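Biologist: I've got the sequence and the fold open side by side. Mind walking me through a few spots?

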Amino acid sequence: MGTLRSILTISLLFICLSAHSQLKVSETGNFGIGTTNPLSRVSVNTDGDANRTMYVYNSGSERMAKFQLDNATGTYGIALNAIVSNSAASGYKHVAGNFQCYEPSENSRRTFGVRAHAGRGYDGANYAVYGGLVGSRNGGAIVGSIVSEPIIDGIYAGYFYGDVHIAGDLTVDGDYPGWSDLDIKRDVRFIENDVLEKLSTLQTIEYKIKVPERALSDTAAVSEVDSRLMKIYERDRIGLIAQELQVVYPELVTEGNDGNLRIKYLQVIPLLVKAINVQQEQLELLKQVISEQEEDIILLKDYLGLNDQEPAKKNAIESSAEPDAAIESNVPLLFQNVPNPFNRTTTIKYNIPELKGDASVNVYDLRGKQLQSYMINQSGEGTIEIEGSVFLPGIYLYNLIVDGYIVDSKQMVLTD
């Protein structure tokens, strides 16, 4: 049976040689199809060269080669397996598979260096393109670069040298640190304290992204977004307006290839930190001013004698926060002006159960300088109308003096 198969094979070979003169075996044992001078061990439609074991050339057809494996058995079903191992080559590049697809000139075709599909396998284990990095040396399992073969300074599952565009969500389970070491920075400049003023010009908005469309005619268009990605155009987003940010911080805005502006949101974070620092400085300054004003008020009250009143009279004065209840007291009372703050007029109410001599309501600035005095000529309840036009906007003190005795002192605020 084996002898018969060999005779048939040789017979068919001679028939092919005589009929087409397509097959050639050289003196060195190289095998050629479509060539009379095979330089490779196997040359098809070309002489090939001695540096390649197999050289196949084709021109003018749609497809060149197809590897198909049906009904695979065993652990692995592999249609094409390329391995470079223990190479003694003198060069520094070892490539198991080198795929190139490019046109001799610009045209409208699509080109794929590698096009792969996978699916319908074990759930969670379908890989259209899989790369695995072995050993302990630096490198990337999958590398994409806009330059020729970058040197990688670490061990990465994926390494990309150049801009990366993602038309969908990016899920990161870990952190995404960026370069920030002072040793690698130059031209260091500190952000000015006007950051609050600049950020206050920005509007925070809620919005949706427009669905991109491809024009079919002057009056018709069709969406060019896959239905599985429509979710990124349907959800609400919160952000800034790039044109506004570009006015105050142009370095945080870039223009994409489509002409639309983009914001470097991560670089906005240092500005927010600076804004918090500026606000904290302002708060500390305000605390200091308030503390100094409180000290001035204490000194002014000492000057007016308000800190030396008898306890019983102090209690009566404190009860003046509730006018109806306080009027029943047998000591003079001064009430808080209403309204307070005010910008036009305000009313000061007082109650003097018994007046033996003179009484007056006096207005002072925070330095203790008396600005106005309103005389009271009779006992009982009364009111005094204060005209805001008499004073400049600010904080003022007023007191009630009865028979040479300071009854009480209060604050009032005049606004613009």
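Modeller: Sure, and keep in mind that this is a predicted model. Let's begin with an open sheet of 4 strands, where the pairing is mixed.

Biologist: In what order do the strands of that sheet come, and which are the edge strands?

Modeller: The order is 1-2-3-4. An edge strand pairs on one side only, and that holds for two of them: strand 1 (23–25) and strand 4 (54–56).

Biologist: By how much are neighbouring strands of this sheet turned against each other on average?

Modeller: Direction is ignored for this one. On that basis, the average turn between neighbours in the sheet is 10°.

Biologist: Do strand 3 and strand 4 run parallel or antiparallel, and which residue is the bridge partner of V44?

Modeller: Strands of a sheet can pair either way, through backbone hydrogen bonds. Here strand 3 (residues 42–44) and strand 4 run parallel, joined by 3 bridges. As for V44, its bridge partner in strand 4 is V56.

Biologist: On to the rings. How are F391 and Y396 placed: stacked, edge-to-face or tilted?

Modeller: For a pair of aromatic rings you look at the distance of the centres and the angle of the planes. The centres of F391 and Y396 are 5.2 Å apart. Their planes stand at 45°, between the 30 and 60 degree cut-offs, so the pair counts as tilted.

Biologist: And are those two residues buried or exposed?

Modeller: Buried means under 20% relative accessible area. F391 comes in at 9% and Y396 at 8%, so F391 counts as buried, and Y396 too is buried.

Biologist: What about Y127 and Y130: how far apart are they centre to centre, and are they buried or exposed?

Modeller: The whole structure has 3 aromatic pairs. Y127 and Y130 form one of them, tilted with 50° between the planes and 5.6 Å centre to centre. Both residues are exposed.

Biologist: Which ring does the charged end of R115 sit over, and which face does K198 lie over?

Modeller: For R115, the charged end is 5.1 Å from the ring centre of F112. K198 is 4.9 Å from its ring centre, and the face in question belongs to Y249.

Biologist: Last one: what does the side chain of S409 reach?

Modeller: S409 sits in strand 19 (residues 405–414). With 11% relative accessibility, S409 counts as buried because the cut-off is 20%. At 3.3 Å, its side chain reaches the backbone oxygen of Y398.

Methods. Residues are numbered from 1 along each chain as its sequence is written. This is a predicted model: local features need pLDDT of at least 70, side-chain atom pairs count only at pLDDT 80 or more; totals for chains, interfaces and linings use all residues. Side-chain values use heavy atoms; hydrogens and water are left out. Helices (H or I, at least four residues) and strands (E, at least two) are DSSP runs, numbered from the N terminus. Buried means under 20% relative accessible area, exposed over 50%, partly exposed in between (1.4 Å probe, protein chains only). A polar contact is a pair of N or O atoms within 3.5 Å; within protein, one must be able to donate a hydrogen and the other to accept it, and residues adjacent in sequence count only if both atoms are side-chain atoms. Two strands pair if DSSP finds at least two bridges between them. Axes are lines fitted to C-alpha atoms, for helices over the stretch in contact, and angles run from 0 to 180 degrees between N-to-C directions. Rings of Phe, Tyr and Trp (its six-membered ring) pair if their centres lie within 6.5 Å; planes under 30 degrees apart count as stacked, over 60 as edge-to-face and the rest as tilted. A charge sits over a ring if NZ of Lys or CZ of Arg is within 6 Å of the ring centre and within 35 degrees of the ring normal.
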